Amino acid sequence: MSANLLLGKPVQGALLEEVTAATRAITDAGHRPPHLTAVLVGGDPASAIYVRTKTTKCREVGFGSEGIILPEETTTEELLAIVRRLNGDDKVDGILVQLPLPKHCDTKTVLDAVDPAKDVDCFHPHNTGLLVQGRPRFAPATPAGIIELLERSDIEISGKHAVIIGRSDIVGKPMAMLLLHRHATVTICHSRTPDLAAVCRGADILVAAVGVPGLVTRDFVGPGAVVIDVGINRVADRAQAAEILGDAADWARFEERGYLVVGDVRPDVAEVAAAVTPVPGGVGPLTIGMLLVNTLAAARGRRDIGNAG
Ligand code: NAD
């Protein structure tokens, strides 16, 4: 038996079509399109690619978008001044501060300064509170994208046992809330959970959001489980990549780039599970799709655009 592959691209495509249609309705009614501003501090190449992809996708759906690129030495105060300026700029509907910030920046203070109505990443405590109460203004893009993937793949959530590995504010905790509000029984595991494999084997839906390449092996997965792999890990050690990926390793890509992107879940889990998300190509595209959905929601929430879109 081999599991169904749950691919992110088709769901991202559907989300982008829906957002494009809604944006057209907004502009046809004579309103400005939604606008996202992304702020990047420093030269981390992966972060620069993320920001470029986000602003490009914005333009594809008809949004206004802008990337503000700041030098590595930018101080917390300077960053706060920019966030406050964007808060006060009526043209800007969504503000995204790309993480991680350089070590000398106070990430919490900066994220807390973003106007909750423009907080399309849903990192502000006010939006976290609304999410916990089951009346979200926005939901963090990665877990919300996973819900879209499950629902659009007709995977039942209600009454199922969902096990999440990882308790971060960005993925693990909001994932738990979104599944709980859809009536799953939820277990959250983390670095101090004893006998992790045994807990995970009881899952109907297993979400791995850890950042440890290949942590989830076949003995973590019960027959028929749905396994969602959030992990994005660069493995530059050939022996480690071979040990985790086996025949699934793309050595031509390894030679070209000097590393492979590996999930938290080993590919041979597909021999036990009913459905799995690949890495890359599973959860990643959904995150961007949901960021656009959140930016559209921010524009609707902030502006009097009636029923347009
Ligand atoms: P994080 O480092 O903030 O949190 C990791 C969590 O895993 C922690 O709660 C920790 O307790 C737990 N953990 C660590 N080691 C463990 C172990 N051995 N056993 C059990 N639990 C353990 O990371 P994050 O921001 O939640 O991201 C997790 C992974 O998801 C990373 O690989 C990240 O790159 C990836 N990610 C992907 C997307 C996407 O769009 N696909 C989005 C966000 C994060």
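Student: What makes up the shell around the ligand, by class?

Tutor: Eight nonpolar, ten polar and one charged residues. Keep in mind that this is a predicted model.

Student: Which residues come nearest to the ligand?

Tutor: Of the 19 residues around the ligand, Arg-167, Ser-168, Val-230, Ile-232 and Thr-287 do. To be listed around the ligand, a residue needs a heavy atom within 4 Å of it.

Student: What makes the approach of Ser-168 a polar contact?

Tutor: The cut-off is a pair of N or O atoms within 3.5 Å. A polar side-chain atom of Ser-168 lies 2.5 Å from an oxygen atom of the ligand, so the pair qualifies.

Student: What about Thr-287?

Tutor: A polar side-chain atom of Thr-287 lies 2.7 Å from a ligand oxygen atom. That is within 3.5 Å, so this pair is a polar contact too.

Student: Which part of Ser-191 lies 3.3 Å from a nitrogen atom of the ligand?

Tutor: A backbone N or O atom. The distance is within 3.5 Å, so this pair also counts.

Student: How much of the ligand's accessible area does the protein cover?

Tutor: On its own, the ligand has 860 Å² of accessible area, and the protein covers 69% of that.

Student: Which pocket does the ligand take up?

Tutor: The largest pocket.

Student: Now the fold. Why is a radius of gyration of 20 Å said to agree with a compact globule?

Tutor: Because a compact globule with 309 residues would have a radius near 19 Å, and the chain has 20 Å. The rule behind that expectation is 2.2 Å times the number of residues to the power 0.38.

Student: What box do the C-alpha atoms fill?

Tutor: Roughly 55 × 45 × 35 Å, along the principal axes. The chain has eleven helices and eleven strands.

Student: Where are the cis peptide bonds at Pro-100 and Pro-280?

Tutor: One joins Leu-99 and Pro-100, with omega about 0°. Pro-100 is in the loop between strand S4 (94-97) and helix H4 (107-113). Another joins Val-279 and Pro-280, with omega about -5°. Pro-280 is in the loop between strand S11 (275-276) and helix H11 (284-302).

Student: What is notable about the phi of Cys-122?

Tutor: Phi is near 60°, a positive value in a residue other than glycine. Most residues other than glycine have a negative phi, and most peptide bonds are trans. Cys-122 is in the loop between H4 and helix H5 (125-132).

Terms used:
Residues are numbered from 1 along each chain as its sequence is written. This is a predicted model: local features need pLDDT of at least 70, side-chain atom pairs count only at pLDDT 80 or more; totals for chains, interfaces and linings use all residues. Side-chain values use heavy atoms; hydrogens and water are left out. A polar contact is a pair of N or O atoms within 3.5 Å; within protein, one must be able to donate a hydrogen and the other to accept it, and residues adjacent in sequence count only if both atoms are side-chain atoms. Accessible areas come from the Shrake-Rupley method with a 1.4 Å probe; for residues, only the protein chains shown count as cover. On a 1 Å grid over the protein atoms alone, a cavity is a set of points where a 1.4 Å probe fits but cannot get out, and a pocket is an open set with protein on both sides within 12 Å along at least five of seven lines; lining residues have an atom within 4 Å of a point. A molecule sits in a cavity or pocket if more than half of its atoms lie within 2 Å of its grid points. Ala, Val, Leu, Ile, Met, Phe, Trp, Tyr, Cys and Pro count as nonpolar, Asp, Glu, Lys and Arg as charged, and the others, Gly among them, as polar. Helices (H or I, at least four residues) and strands (E, at least two) are DSSP runs, numbered from the N terminus.
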